Amino acid sequence: MRILLFGAMGQLGTELQQALSPIGDIFPFDIHNLNLENTVEVRETIHTVRPNVIVNASAYTAVDQAESEAEKAFTVNGAIPALFAEEASKLGAFLIHYSTDYVFDGTKGVPYLEGDETNPLGIYGKSKLVGEEAIQAGDAKYLILRTSWVYSRNRSSFVTKVLEWARKQEVLSIVSDQVSNPTWARTLANVTAELLGKGMDCLREHRGLYHVAGNGYASRLDWAKKIIELDPNKHEQKVNEIVPALTSDFPTPAQRPLFSALDCSLFQATFDIPLPKWEDALKLAMNE
Ligand SMILES: NC(=O)c1ccc[n+]([C@@H]2O[C@H](COP(=O)([O-])OP(=O)(O)OC[C@H]3O[C@@H](n4cnc5c(N)ncnc54)[C@H](OP(=O)(O)O)[C@@H]3O)[C@@H](O)[C@H]2O)c1
């Protein structure tokens, strides 16, 4: 199987390089060897590699910066996935793409289902929604995996930031009114490998959009507390108090959904792939 991987050096892409290597030949691309804004080169690359599967882990993920770089965000998150879908269709390749809980406005109050109404609050969410819709409108066979609060220990993430703050500050102030599913990038990569292991017929039969994230949900405050508790190098910590704060205490350029937890039961039932509890995944990630 020839797997063309975009976003290969991101949190998820790095894990995908490992997880997918037993499954096929991976052709990894990232901004260092191919800027996705150069669409001519992107098309040429796809034609040269002639993949069976395109896995798109690339994205413009700077949520706040997107507010002032809308054109870039819409290109990388909207136009490029549309191009992937078009080329995948021409080649008969399968497309695996990732999207975000930020397509929702966070007002539902219980975990979101795949068919719930979208209403992104910021440019990042809007641009990701354009990408979803373009893939859905095209002819390619695809899986869109909507996920949330992705972290890894290898790149800057909420987990690495909390560990850093805990070593510098005695008191941490963390928002308690943002709630979603913390998702280890490795979980998502392993799930992607399991999906490909099920074979193309299965993926084609069950193509569509699914929610895939850490099992269960938490506030950022609960998540931070767990990170600090599971830190294997606790002796390095300076923190002795973690206090709840509100999103409104930390004004940011982009508005974020408050309750954007994803209900992942459709994915688990359809593919018979259980998703680990977010706390269990975090425990493994912390003991790396
Ligand atoms: N991170 C989250 O909390 C989160 C939550 C929900 C959904 N998701 C989705 O999950 C997927 C994976 O996210 P992630 O956390 O792994 O993101 P990430 O770490 O930011 O990785 C994205 C990769 O895409 C690359 N990229 C951006 N613009 C590019 C361009 N013009 N040309 C080539 N490469 C470009 C980035 O390169 P640079 O690093 O050099 O910019 C980076 O390597 C994305 O679809 C994202 O929208 C993420």
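## Ligand surroundings

A residue counts as near the ligand if one of its heavy atoms lies within 4 Å of it. In this predicted model, 26 residues are found around the ligand, and those that come nearest are Gln11, Leu12, Thr61, Tyr124 and Lys128. By residue class, the shell comprises 12 nonpolar, nine polar and five charged residues.

Three elements, α1 (11-19), β4 (94-100) and α4 (123-137), each supply at least two residues of this shell. The most is given by β4, which provides three residues.

## Polar contacts and coverage

The ligand is approached by both side-chain and backbone atoms of the protein. In the side chain of Asp30, an N or O atom is 3.1 Å from a ligand oxygen atom. At Leu36, a backbone N or O atom lies 2.9 Å from a nitrogen atom of the ligand. A polar backbone atom of Val150 is 3.0 Å from an oxygen atom of the ligand. On its own, the ligand has 890 Å² of accessible area, of which the protein covers 85%.

## Helix α10

Helix α10 spans residues 278-286, and its buried residues are Trp278, Ala281, Leu282, Ala285 and Met286. Viewed down the axis of α10, these buried residues fall within an arc of 135°, so they line one face of the helix. In general, an α-helix has 3.6 residues a turn, and therefore residues three or four places apart point the same way.

The cover over the buried residues of α10 includes the helices α5 (158-168), α6 (185-197) and α8 (220-230), together with the strands β6 (150-151), β9 (183-184) and β11 (218-219).

Methods:
Residues are numbered from 1 along each chain as its sequence is written. This is a predicted model: local features need pLDDT of at least 70, side-chain atom pairs count only at pLDDT 80 or more; totals for chains, interfaces and linings use all residues. Side-chain values use heavy atoms; hydrogens and water are left out. A polar contact is a pair of N or O atoms within 3.5 Å; within protein, one must be able to donate a hydrogen and the other to accept it, and residues adjacent in sequence count only if both atoms are side-chain atoms. Accessible areas come from the Shrake-Rupley method with a 1.4 Å probe; for residues, only the protein chains shown count as cover. Helices (H or I, at least four residues) and strands (E, at least two) are DSSP runs, numbered from the N terminus. Ala, Val, Leu, Ile, Met, Phe, Trp, Tyr, Cys and Pro count as nonpolar, Asp, Glu, Lys and Arg as charged, and the others, Gly among them, as polar. Buried means under 20% relative accessible area, exposed over 50%, partly exposed in between (1.4 Å probe, protein chains only). The arc is that of the directions from the helix axis to the C-beta atoms. Contact means heavy atoms within 4.5 Å.
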